[in-house]
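Biologist: Please take a close look at one charged site in this model and set it in the context of the whole chain. A formal, connected account would be appreciated.

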Amino acid sequence: MVTWKKICAGMLSAALLTGAATTTFAAEEQSDKTVTLYNQPGAPLPEAPKAATTTAAVVPAATTAAAEAPQKVELADKLVINLAARSLAAVRNNQKVALYPIGPGKTSTPTPTGYYKVIEKEVNPIWTDPGDPTNSIPSGPSNPLGYRWIGIGGNYGIHGTNRPDSVGHYVSNGCIRMHEEDVEKVFDMVEVGTPVEITYNRIVVEKTPDNQIAYYVYPDGYGWQNVTAADVEKWLAGYGVADFVNDADVEQKVAASDGTPNYVAKVYPLYVNGTKLKGKAVVQDDIVYLPAVELAQASKVSLGWKPEEKVLLSTYGQAVGYQKKDTLYCNSDDIGTLYHLDGGLDKEGKYVLKNQAAAVKTETAVKEAAVAETKAEGTVKAAETKVEAKAETAAKTAGQKAAAK
């Protein structure tokens with residue numbers, strides 16, 4: 001039997017997070033005048049009314065199907081290890097299908113970050129003392145490698161442990177420790193060649209199966225990565241929800257760095273007349289927020305803003321506006337009033353809006369098609385009845401002639 005030498009050690013620094021902030025519209029200082037946000041030629045704004053009368057309407061949050069239980073995973077496309085989160089995720093079809101706690105390297109012998117792959121798999125591995133190759137421990141309860149070894153390069157590997165209490169802490173010489181029941185599941189998910197990605201990301205932003213955006217801030221166990229509230233908001237901007245968090249709250253979450261989930265809002269891709277917009281439909285506190293200026297540009301409607309009254313004024317009408325940081329939003333209930341748009345969340349999880357005239361035309365076309373289909377069915381039935389009647393008459397005539405003979 002071949003004796004494998006398993007020595008866990010290693011060091012490597014981590015790259016800092018980077019992100020790009022999105023550009024938003026900055027409203028002018030408050031005044032009692034209407035600020036022109038977007039001017040569409042041929043569709044001027046009406047004269048500013050004396051006061052706003054429209055009040056904000058609450059829209060029920062879009063309903064989504066409950067997240068289905070994860071399917072049984074046969075093989076993972078890759079393993080993703082986040083040392084800051086002390087977690088290992090099995091990924092399949094770009095979705096996390098399983099997540100497990102780990103015990104990575106201690107600060108003096110940190111687990112190296114980088115891109116690796118499974119190079120070997122071993123059941124019941126033998127541990128060899130790195131200081132004395134003649135000293136080894138066979139598989140069993142005293143073996144520090146547990147009962148599974150997944151080698152990922154050099155002397156590094158993912159393995160079980162005879163010290164389950166150490167999982168969740170920075171404790172090893174560089175390898176990845178796991179609870180025995182967990183590593184056995186991961187062992188069955190991978191094969192030689194499966195990619196393994198090791199990162200050190202204190203900020204993690206995820207989209208849940210029901211389109212909820214959540215962010216996590218983990219402690220700096222290795223002292224490798226300083227993060228700020230601005231870093232968190234850069235990540236959230238990529239998901240379209242940076243405007244919907246409070247700066248002070250984010251600073252508190254960064255200070256705590258406890259790795260707990262912080263839910264922000266639900267987001268959906270936004271389309272107007274078939275064109276996808278940069279902004280999103282954002283659902284928070286039972287209101288569907290839509291980017292006001294982008295809708296004006298997409299629907300070719302002039303739009304103004306009365307800061308003191310918090311009112312959006314368009315070519316067609318007025319409604320309450322919401323200024324979140326440097327961006328103006330409208331309530332989805334007011335898109336008909338402001339833009340003559342209609343629509344909502346479709347079955348594919350897209351927020352689809354169309355000009356009201358186009359929507360009416362589409363509805364009319366559907367009704368006309370249904371009427372035409374009904375008429376066609378009636379014509380076919382009439383033709384069939386006529387043919388049957390002729391056949392019956394012919395049969396009777398033939399019978400009469402036969403009887404006459």
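Modeller: In this predicted model, Asp210 is partly exposed, because its relative accessible area is 23% and the buried class ends at under 20%. Lys266, at 15% relative accessibility, falls on the other side of that limit and counts as buried. The two residues form a salt bridge, in which the closest N and O atoms are 3.9 Å apart; the cut-off for such a pair is 4 Å. Asp210 sits in the loop between strand S13 (203-207) and S14, while Lys266 belongs to strand S15 (residues 262-272), so the pair ties together parts of the chain that are 56 residues apart in sequence. In general terms, side chains of opposite charge can pair when their charged atoms come close.

The chain has six salt bridges by this rule. Another of them joins the side chains of Lys325 and Glu233, with 2.7 Å from N to O. This pair also links distant parts of the chain: Lys325 lies in the loop between strand S20 (318-324) and strand S21 (327-331), Glu233 lies in helix H2 (residues 229-237), and 92 residues separate them. Lys325 is partly exposed at 31% relative accessibility, whereas Glu233, at 16%, counts as buried. A further salt bridge connects Glu348 with Lys350, their closest N and O atoms being 3.4 Å apart. Here Glu348 is exposed, with a relative accessible area of 62%, and Lys350 is partly exposed, with 27%. Through salt bridges that share partners, Glu233, Asp247 and Lys325 are joined into one network.

The nonpolar side of the picture returns to strand S14. The largest nonpolar core has 32 residues, and Leu79, Ile81, Leu88, Ile158 and Met178 are those with the most contacts inside it. Strand S14 (212-217) is one of the elements that give two or more residues to this core, as are strand S2 (78-82), strand S3 (87-92), S9, S10 and H1, among others. H1 supplies the largest share, four residues. Ile158 touches Leu79, Ile81, Leu88 and Met178, and its other contacts include Trp149, Ile152, Ile176 and Val183. Apart from this core lies another, of 28 residues, among them Ala281, Ile335, Tyr339 and Leu341.

Strands S9 and S10 also take part in an open sheet of four strands, ordered S6-S9-S10-S11, with mixed pairing. Strand S6 (120-123) and strand S11 (176-177) are at its edges with a single partner strand each, so one side of each has no neighbour in the sheet. Strand S10 (residues 156-159) pairs with S11 in the parallel sense over two bridges, and Arg177 in S11 is the bridge partner of His159. Helix H1 (residues 180-189) packs on the sheet and touches S6, strand S9 (148-153) and S10; its direction makes about 60° with that of S9.

For the chain as a whole, the secondary structure comes to six helices and 23 strands. Of its 405 residues, 42% are buried. Among contacts between residues at least 6 apart in sequence, 63% join residues at least 24 apart. The accessible surface comes to about 21800 Å², and carbon and sulfur atoms account for 52% of that area.

How values were computed. Residues numbered from 1 in each chain as written. Predicted model: local features only at pLDDT ≥ 70, side-chain atom pairs only at ≥ 80, totals over all residues. Heavy atoms only, no water. Buried < 20%, exposed > 50% of the residue type's maximum accessible area, 1.4 Å probe, protein only. Contact = heavy atoms within 4.5 Å. Areas by Shrake-Rupley, 256 points an atom, 1.4 Å probe, with all protein chains shown as cover. Pairing = 2+ DSSP bridges. Axes fitted to C-alpha atoms, helices over the stretch in contact; angles between N-to-C directions. Core = buried A, V, L, I, M, F, W, Y, C linked by side-chain atoms within 4.5 Å. Lists of a residue's contacts leave out its neighbours within four places in sequence.
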